[in-house]
Amino acid sequence: CFGFPLSIFFIVINEFCERFSYYGMKAVLTLYFTRFLLWDKNFATAIYHTFVALCYLTPILGAIIADSWLGKFKTILYLSIVYAIGQAVLSVGSISDLTDYNQDGSPDKVAVNIALSMIGLILIALGTGGIKPCVSAFGGDQFEEEQERQRSTFFSLFYLSINAGSLLSTLITPIIRASQCGIHAKQECYPLAFGVPAILMAVALVVFVIGSKMYKKVKPQGNIMLEVSKCVGFAIKNRFRHRSKKFPKREHWLDWASDKYDKRLIAQTKMVLRVLFLYIPLPMFWAVFDQQGSRWTLQATAMNGDFGFQVQPDQMQIVNPILIVIMVPVVDSLLYPLIKKCKLNFTPLKKMTVGMFLGSLAFVAAALVQVQIDRTYPVFPAAGQAQIKLINLGAVPATVQFQPQNQSVDIAPNEETGYMIFETSKLQSLHITSANHSETRLLDLEKRRYTLSFKWAPENINSRLMQDNITSKPTSGKSLVRFINNFPSTVNVTMGDMVFGLLDPLSESNYSDVPKPDRSYTISVSSPLIHCEVSSKKFGYGGAYTISVDNCVENKLNIKYFEDMAPNTVHMAWQIPQYFLLTCAEVLFSVTGLEFSYSQAPSNMKSVLQAGWLLTVAVGNIIVLIVAGASTIKKQWAEYVLFAALLLVVCVIFAIMASFYTYIDPNEIEAQFSKEEKEEDKKDQDDKEKEAEVDSRM
């Protein structure tokens with residue numbers, strides 16, 4: 001088809017579906033941990049990076065299985081089945097109704113959901129990692145030797161399908177996740193957000209199987225990684241056996257393997273180890289880079305995503321693939337040629353060093369954004385403290401005096417104060433004076449927030465002390481709302497589909513999540529004698545509000561908003577600079593790193609370098625989970641600065657290591673060995689001919 005083997009179209013479609021499945025699931029994973037399983041941010045971050053580390057450890061296992069046992073086709077087939085099962089198990093594990101026996105919308109046995117989720121993630125890690133090194137190589141196997149141009153075009157299409165799957169899934173699955181679903185209670189739709197990727201993985205498997213009769217299947221020919229490992233192991237063991245001074249030293253410690261392995265393999269292994277030695281500092285870059293899906297997503301939950309349309313926190317990750325698509329051609333066609341014209345020797349290792357530096361700057365930018373976010377966070381009472389806010393629901397001004405401090409606060413009609421902090425041991429009562437009435441209220445406060453609402457009446461002052469059960473920003477990322485009844489009689493309050501129930505005069509409802517904070521709702525009040533309603537304002541994300549329902553005028557409800565917690569105000573657009581810096585770092589570091597590695601290793605050793613490269617990604621994620629699990633840093637901006645500083649230190653170390661590296665041309669070395677082997681073969685042939693000539697004379 002157009003000069004291509006028909007089989008490669010099935011492989012490209014399979015890769016698109018698989019990448020959509022993986023990145024779609026991964027995009028919403030952190031919020032699933034914090035909002036559905038209700039894990040704290042550090043534990044959620046640790047588990048997220050444990051999963052990513054597994055995804056980058058299992059490719060080594062997949063490559064060994066494919067090359068030494070099953071072959072690429074069967075490895076992809078069997079592990080894709082495992083992969084699809086894992087996605088399905090994760091989707092089932094995210095169903096709250098699975099153990100919601102009391103039908104309150106939350107699982108009663110969350111351990112069941114956790115167990116299913118962890119089993120699903122382990123199967124996904126085994127599947128996605130196991131097939132990672134096989135699919136692109138299997139696609140390359142479909143071409144004949146003379147189809148070099150078509151093979152090159154295939155790899156371009158292959159990587160385009162990866163980026164397309166990543167970009168679309170990161171856009172779509174957060175929207176699905178933010179939608180409402182559930183049997184007993186409507187909440188964020190994680191079963192569908194994980195279910196769609198599961199369906200795409202099943203489609204990927206079916207497409208791959210359909211093309212099975214068209215594939216060119218190369219038999220397993222042994223895994224070079226095992227050969228290299230055996231060669232290195234034998235050299236170390238042999239060197240240890242001959243550690244006595246009576247044995248002559250050899251030029252390189254790998255030369256001790258020459259007793260068993262040929263010179264070509266030893267020389268190739270030396271070239272690979274020189275590159276792998278440079279890989280030692282690289283995990284720190286990946287420790288920074290992969291926090292886009294964890295810490296940066298959690299950072300976005302405390303930000304304002306109103307771009308004229310609502311952007312979900314987990315959708316901000318889409319900035320990276322969009323910038324990659326733009327920047328790779330710009331850097332290749334404009335930046336590098338410009339640097340070359342300026343006669344600057346911008347070697348691959350220098351590019352990687354600059355990439356590390358830009359990665360460090362990206363986390364400095366993230367820290368600056370976090371400082372701005374922290375300034376918008378509410379201050380909650382510390383140990384031995386309480387906070388009180390006053391709301392005057394009456395039409396008459398009032399004065400509130402706190403005893404025994406004699407601190408007085410004047411408050412106008414239908415107004416509120418901010419939260420005031422008091423030492424619980426020093427606040428015993430408060431005295432309310434309004435017009436010709438007064439009231440004294442004894443207090444026994446705990447470490448929490450309170451709201452005192454009061455209202456002047458002709459015969460007395462009515463008041464109510466409410467406990468505000470809020471200790472942090474809403475875990476759902478949405479806004480919270482509750483109602484106070486300022487009518488003289490009991491009324492039923494609803495807002496959209498949310499029922500707040502019957503409220504007695506001056507009583508309050510519990511806080512409830514606003515399902516879609518970026519839209520307005522109809523607030524309705526009813527009783528046997530009245531029914532009136534009004535449209536609410538848009539609440540935004542991350543806020544908390546108390547709404548007093550006051551009276552009806554011509555069937556229109558009059559209400560008053562009191563802000564208990566400000567909504568997110570720092571705009572998500574402020575994350576774009578850090579994403580830009582990190583994407584620049586990725587282009588300079590990741591793309592160049594792979595190119596450099598491949599240019600410095602023999603053609604048959606590229607799989608060893610790919611395994612080493614993937615291992616650096618896994619180790620980088622292990623670094624994050626260790627820091628997230630063991631760190632005592634309380635401020636998130638300080639953790640960002642820590643990672644920026646660590647990467648900067650590693651950048652300096654890598655620059656020093658790179659300065660001692662000498663670039664080689666593996667093809668020249670290979671050609672030299674080939675020439676020597678031909679000369680040896682010719683010499684052997686000449687010797688055999690001479691022996692034959694001598695034998696004939698005899």
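Author: A helix here is a DSSP run of H or I that is at least four residues long, and helices are numbered from the N terminus. Keep in mind that this is a predicted model.

Reader: Okay, what makes residues 41-70 count as helix 3?

Author: A run needs at least four residues to be called a helix, and helix 3 has 30. From its first C-alpha to its last it reaches 41 Å, close to the 44 Å expected at 1.5 Å a residue.

Reader: What do we find at the start of helix 3?

Author: A side-chain oxygen of Asp-40 comes to within 3.0 Å of the backbone nitrogen of Asn-42. The cut-off for a polar contact between N or O atoms is 3.5 Å, so that pair makes the grade.

Reader: And which residue follows helix 3?

Author: That's Gly-71, with a positive phi near 90°.

Reader: What makes the phi of Leu-38 stand out?

Author: Here's the background: most residues other than glycine have a negative phi. Leu-38 isn't a glycine, yet its phi is positive, near 60°. You'll find Leu-38 in the loop between helix 2 (29-36) and helix 3.

Reader: Is Leu-38 buried or exposed, and how do you know?

Author: Exposed starts over 50% relative accessible area. Leu-38 has 59%, so it counts as exposed. Asn-414 also has a positive phi, about 55°, without being a glycine. Asn-414 sits in the loop between strand 5 and strand 6 (415-416).

Reader: Why is Asn-414 called partly exposed?

Author: Buried means under 20% and exposed means over 50%, with partly exposed in between. Asn-414 comes out at 29%, so it lands in the in-between class.

Reader: How do you know that the bond joining Gln-403 and Pro-404 is cis?

Author: Look at omega, which is about 5° for this cis peptide bond. Most peptide bonds are trans. Pro-404 belongs to the loop between strand 4 (398-403) and strand 5 (407-411).

Reader: Now the cysteines. Why is the link between Cys-181 and Cys-189 called a disulfide?

Author: Two cysteine sulfur atoms must lie within 2.5 Å. In Cys-181 and Cys-189 they are 2.1 Å apart, and they form a disulfide. The torsion about this S-S bond is about 105°, so the disulfide is right-handed. Its two ends fall in separate classes: Cys-181, at 22%, is partly exposed, while Cys-189, at 4%, is buried.

Reader: What makes Cys-532 and Cys-552 a disulfide?

Author: Their sulfur atoms are 1.7 Å apart, and the limit is 2.5 Å. This pair links distant parts of the chain, with Cys-532 in strand 17 (residues 531-535) and Cys-552 in strand 18 (residues 544-553), 20 residues apart. Cys-532 has 1% relative accessibility and counts as buried, whereas Cys-552, with 28%, is partly exposed. By this rule the count comes to two disulfides, and the bonded cysteines, numbered in sequence order, pair 1-2, 3-4.

Reader: Why is there no bond for the sulfur of Cys-134?

Author: The closest cysteine sulfur, in Cys-55, is 15 Å from that of Cys-134, so it is too far for a bond. Cys-134 is buried too, at 2%. Cys-651 tells a similar story: Cys-584 holds the closest cysteine sulfur, 15 Å off, which is too far for a bond.

Reader: Why is Ile-176 called buried?

Author: The cut-off is under 20%, and Ile-176 has 15%, so it counts as buried. Ile-176 is part of helix 6 (residues 148-178). Apart from neighbours within four places in sequence, Ile-176 touches Cys-189, Leu-192, Ala-193 and Val-196. The C-alpha atoms of Ile-176 and Cys-189 are separated by 6.6 Å, though their positions lie 13 residues apart along the chain.

Reader: Which residues have the most contacts inside the largest nonpolar core?

Author: Those are Met-25, Leu-29, Tyr-32, Phe-33 and Phe-51, in a core of 133 residues. This core draws at least three residues from each of domain 1 (1-222) and domain 2 (262-376 + 588-681). Apart from it lies another core of 20 residues, including Val-481 and Met-498. As for Leu-29, leaving aside neighbours within four places in sequence, its contacts are Tyr-48, Phe-51, Leu-121 and Phe-194.

Methods:
Residues numbered from 1 in each chain as written. Predicted model: local features only at pLDDT ≥ 70, side-chain atom pairs only at ≥ 80, totals over all residues. Heavy atoms only, no water. Helix = DSSP H or I, 4+ residues; strand = E, 2+ residues; numbered from the N terminus. Buried < 20%, exposed > 50% of the residue type's maximum accessible area, 1.4 Å probe, protein only. Contact = heavy atoms within 4.5 Å. Expected span 1.5 Å × (residues − 1). Polar contact = N/O pair within 3.5 Å; in protein donor to acceptor, adjacent residues only side chain to side chain. Core = buried A, V, L, I, M, F, W, Y, C linked by side-chain atoms within 4.5 Å. Domains from an automatic or database assignment.
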